[in-house]
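Trainee: Could we go through this structure together before I take it to the bench? I'd like to know what I can read from it.

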Amino acid sequence: MREFLRNLSFCFAAGAFGGLCYALGLWAMGYHGFTRWVGVDIAPYLSNAYLYQRIVWGGICGLIFLLPWQRSWMARGFFLSLIPAGILLFLLLPMRGYGFGAMHLGALTPLVIIIACALGGIGASGLMRAQGK
């Protein structure tokens, strides 16, 4: 039981780090004009509230790293990041009125969301690899 709780807390911490990577990646894409260049109306403002929400949800999403995975750490980070990307694109953002796949924000919105989630997933997976997990 102790080993399971240790793994659970480590996955949450790695996910929180991934959430930070996601938040900063999405912010940087907006700040440096990438999202505007691809025609997507996403440019978040960097604030404590913006970071806090993404770090906490990143920690919760990090629990998917408890799933067994035998491939490389980068593949694990990318493919497992598709789960939160799908939840964002097909559940949360449409509930906020941005349409299916958040297409009201721009035609390439799914690409931007997948890239930002991949940054978080690969960052979290890299942290886990660096710690020997």
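**Walking through the model**

Mentor: Let us start with Gly120, which lies in helix H5, and bear in mind throughout that this is a predicted model.

Trainee: Is Gly120 buried or exposed?

Mentor: Gly120 counts as buried, because its relative accessibility is 6%, and the cut-off for buried is under 20%.

Trainee: And which residues is Gly120 in contact with, leaving aside its neighbours in sequence?

Mentor: Once neighbours within four places in sequence are left aside, Gly120 is in contact with Gly18, Cys21 and Tyr22. There is also a glycine pair to look at, since the C-alpha atoms of Gly120 and Gly58 are separated by 8.0 Å although these residues are 62 residues apart along the chain.

Trainee: Tyr22 caught my eye. Which residues have the most contacts inside the largest nonpolar core?

Mentor: Tyr22 is one of them, together with Leu26, Ile42, Leu88, Val112, Ile113 and Cys117, in a core that has 19 residues. At least two residues of this core come from each of helix H1 (2–31), helix H3 (48–61), helix H4 (73–95) and helix H5 (109–130). Another core, of 7 residues, lies apart from it and includes Phe10, Cys11, Phe65 and Ala124.

Trainee: What does Leu88 touch?

Mentor: Not counting residues up to four places away in sequence, Leu88 touches Tyr22, Leu93, Pro94, Ile113 and Cys117, and of these Tyr22, Ile113 and Cys117 are also among the residues with the most contacts inside the largest core.

Trainee: Switching to the outside, which residues form the nonpolar patch on the surface?

Mentor: The patch is formed by Met1, Phe4, Leu5, Phe12, Trp57, Ile60, Leu63 and Leu66, which together have about 810 Å² of accessible area. Both H1 and H3 supply at least two residues of the patch, and the largest share, 3 residues, comes from H1.

Trainee: How does Phe4 count, then?

Mentor: Phe4, whose place is in helix H1, counts as partly exposed because its relative accessibility is 45%.

Trainee: How many salt bridges are there?

Mentor: The count comes to 1 salt bridge, in which the side chains of Glu3 and Arg6 meet at 3.2 Å, N to O. Glu3 and Arg6 are 3 residues apart in helix H1, so about one helical turn separates them. Glu3 counts as partly exposed at 42% relative accessibility, and Arg6 likewise counts as partly exposed, at 44%.

Trainee: Back inside, what does Thr109 touch?

Mentor: Thr109 has its place in helix H5 and counts as buried at 0% relative accessibility. Not counting residues up to four places away in sequence, Thr109 touches Val40, Ile42, Gly101 and Ala102.

Trainee: And where is the place of Ala102?

Mentor: Ala102 has its place in the loop between H4 and H5, where this residue is buried, with a relative accessible area of 0%. Its backbone deserves a look as well, since phi of Ala102 is near 55 degrees, a positive value in a residue other than glycine. Most residues other than glycine have a negative phi.

Trainee: Last one: what pLDDT does the protein average?

Mentor: The protein averages a pLDDT of 92, and 100% of the residues score at least 70. Among the elements, H4 has the lowest mean pLDDT, 91, and helix H2 (residues 34–37) has the highest, 95.

Notes
Residues are numbered from 1 along each chain as its sequence is written. This is a predicted model: local features need pLDDT of at least 70, side-chain atom pairs count only at pLDDT 80 or more; totals for chains, interfaces and linings use all residues. Side-chain values use heavy atoms; hydrogens and water are left out. A nonpolar core is a set of buried Ala, Val, Leu, Ile, Met, Phe, Trp, Tyr and Cys residues joined through side-chain atoms within 4.5 Å. Buried means under 20% relative accessible area, exposed over 50%, partly exposed in between (1.4 Å probe, protein chains only). Helices (H or I, at least four residues) and strands (E, at least two) are DSSP runs, numbered from the N terminus. Contact means heavy atoms within 4.5 Å. Patches are made of residues with over 30% relative accessible area and no salt bridge: like charges are joined within 9 Å, nonpolar side chains (Val, Leu, Ile, Met, Phe, Trp, Tyr) within 5 Å. Accessible areas come from the Shrake-Rupley method with a 1.4 Å probe; for residues, only the protein chains shown count as cover. A salt bridge is a side-chain nitrogen of Lys or Arg within 4 Å of a carboxyl oxygen of Asp or Glu. pLDDT is the predictor's confidence in each residue, from 0 to 100.
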